[in-house]
Amino acid sequence: MKALVVRLDGFGDVLLAGPAVRAVAAHSTHVTMLCGPRGADAAHLLPGVDEVLVWEAPWEGFDPPDVSVPDIDALLGRLRAGAFDTALVLTSFHQSPLPTALLLRLAGIGRIGADSVDHPGRLLDVRHRRLPGRHEVEAALDTAAAMGFRPPPGDEGRLRVLPPPDTSGLTGNGPYVVLHPGASAPARAWDPPRCADAVALLADAGHRVVVTGGPHERALTRRVSGDAGVDLGGRTSPRTLAGVLRMADVVISANTGPAHLAAAVGTPVVSLFAPVVPAERWAPYGVPTILLGDQSAPCANTRALTCPVPGHPCLDEVTGQDVVRAVHKLIQERHT
């Protein structure tokens with residue numbers, strides 16, 4: 001059976017779909033993942049994915065493209081050529097799967113399932129309704145199970161990626177912690193001066209600190225690293241970043257893709273978590289985690305991209321010393 005799994009949003013979102021992808025792969029001969037350009041790199045890291053199709057949906061992302069008939073026709077042609085027997089559409093709790101389901105139906109896919117609050121008419125063959133309080137990983141697994149795709153024996157449902165490469169040439173030898181100062185939205189990011197202070201305090205406490213970031217974050221990582229950290233801004237691909245995170249004692253990150261990548265390689269996380277989305281659904285999954293940030297702040301559940309509260313109090317009240325204490329606690333727990 002040829003299966004299609006759809007997750008059209010970001011890098012971390014695709015990583016959170018990984019356990020459901022493996023459940024589908026356990027019952028299929030071939031699994032294709034359809035994802036957006038921001039999630040494609042994560043899809044290539046997932047066990048169980050045989051092929052990745054990339055398409056930018058006009059209903060996803062911060063700056064979606066215009067609706068284009070030629071673009072949609074091209075997508076339908078690619079989906080028809082895939083001759084898929086079934087499709088699982090994965091979305092977050094606030095997203096509708098129905099625009100995607102309509103395209104899949106037009107492409108001739110015979111059996112389509114998704115989690116849908118809205119009545120799906122004839123667009124879905126399996127309509128799942130998520131249970132309250134479920135993490136995004138668990139909600140995706142529940143939807144897969146509703147279609148008959150249960151994890152294979154021995155699969156505990158945790159995040160996982162393909163084995164990363166050795167990255168000691170980037171990090172140097174010896175233990176270290178990682179601080180990732182960037183975030184996919186400003187409302188989720190910790191203030192750069194506080195990040196820099198945490199790096200200096202961690203170094204004073206005897207830790208080697210590796211600072212990571214994408215190519216567009218080089219100025220940020222250089223500022224945060226100062227003279228105390230190893231600056232890897234712009235120097236890692238998604239695979240090498242997985243390797244850097246895997247060998248860290250602890251990863252310090254906002255609620256953004258690398259926090260989920262750290263969980264996927266089994267590394268504990270100090271999560272600087274702005275409550276614009278609920279932690280019960282989006283916190284690092286399946287690894288020891290300490291959540292920092294006021295989860296009852298006025299911005300809670302607003303899904304804001306830019307902080308709507310002057311002073312960004314949910315995160316800016318977190319200090320560098322708070323981070324150091326959390327790092328020490330996780331390291332102590334890891335070695336006891």
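In the predicted model, 55% of the 336 residues of the protein chain count as buried. The secondary structure of the chain comprises 14 helices and 12 strands. Its radius of gyration is 20 Å, close to the 20 Å given by the globule rule for 336 residues, so the chain is as compact as a globular protein of that length. The C-alpha trace spans about 60 × 45 × 35 Å along its principal axes. Among contacts with a separation of 6 or more, 63% are accounted for by residues 24 or more positions apart.

An open sheet is formed by 6 strands in the order β9-β8-β7-β10-β11-β12, with parallel pairing. The edges are occupied by β9 (229-231) and β12 (289-292); each has a single partner strand, so one side of each is left without a neighbour in the sheet. From one strand to the next, the twist averages 20°. The pairing of β11 (residues 269-272) with β12 is parallel and extends over 4 bridges. Within this pair of strands, Leu272 is placed opposite Leu292 of β12. Helix α14 (residues 320-334) packs on the sheet, where it touches β7 (177-180), β10 (251-254), β11 and β12. The direction of α14 makes about 165° with that of β12.

Gly320 belongs to helix α14. This glycine counts as buried because its relative accessible area, 4%, falls under the 20% limit. When residues up to four places away in sequence are not counted, Gly320 touches Trp190, Asp197, Ala198 and Leu201. Gly320 also lies 8.0 Å from Val199, C-alpha to C-alpha, although the two residues are 121 residues apart in sequence.

A second helical region, α6 (136-146), is mostly covered, with 9 of its 11 residues buried. The buried residues of α6 are Glu136, Val137, Ala139, Ala140, Leu141, Asp142, Thr143, Ala144 and Ala145. In general, an α-helix has 3.6 residues a turn, so residues three or four places apart point the same way. Just after α6, Gly148 adopts a positive phi of about 95°. The loop between α6 and α7 (168-171) contains Thr167. With a relative accessible area of 4%, Thr167 is buried. Leaving aside neighbours within four places in sequence, Thr167 is in contact with Thr240, Gly243 and Val244.

Interactions involving aromatic rings were also examined. A search of the whole structure returns 1 aromatic pair. This pair is formed by Trp55 and Trp59 in an edge-to-face arrangement, with 5.6 Å centre to centre and 65° between the planes. The assignment as edge-to-face follows because the angle of 65° is over the limit of 60 degrees. The two tryptophans of the pair can also be described by their accessibility: Trp55 is buried, with a relative accessible area of 5%, whereas Trp59 is partly exposed, with a relative accessible area of 30%. Trp59 is classed as partly exposed because its value of 30% lies between the limits of 20% and 50%.

Charged side chains are also positioned over aromatic rings. The charged end of Lys2 sits over the ring of Phe84, at 5.6 Å from the ring centre. The charged end of Arg38 sits over the ring of Phe62, at 5.3 Å from the centre of that ring.

How values were computed:
Residues are numbered from 1 along each chain as its sequence is written. This is a predicted model: local features need pLDDT of at least 70, side-chain atom pairs count only at pLDDT 80 or more; totals for chains, interfaces and linings use all residues. Side-chain values use heavy atoms; hydrogens and water are left out. Helices (H or I, at least four residues) and strands (E, at least two) are DSSP runs, numbered from the N terminus. Buried means under 20% relative accessible area, exposed over 50%, partly exposed in between (1.4 Å probe, protein chains only). Contact means heavy atoms within 4.5 Å. Rings of Phe, Tyr and Trp (its six-membered ring) pair if their centres lie within 6.5 Å; planes under 30 degrees apart count as stacked, over 60 as edge-to-face and the rest as tilted. A charge sits over a ring if NZ of Lys or CZ of Arg is within 6 Å of the ring centre and within 35 degrees of the ring normal. Two strands pair if DSSP finds at least two bridges between them. Axes are lines fitted to C-alpha atoms, for helices over the stretch in contact, and angles run from 0 to 180 degrees between N-to-C directions. The radius of gyration is taken over C-alpha atoms; the globule rule is 2.2 Å times the number of residues to the power 0.38.
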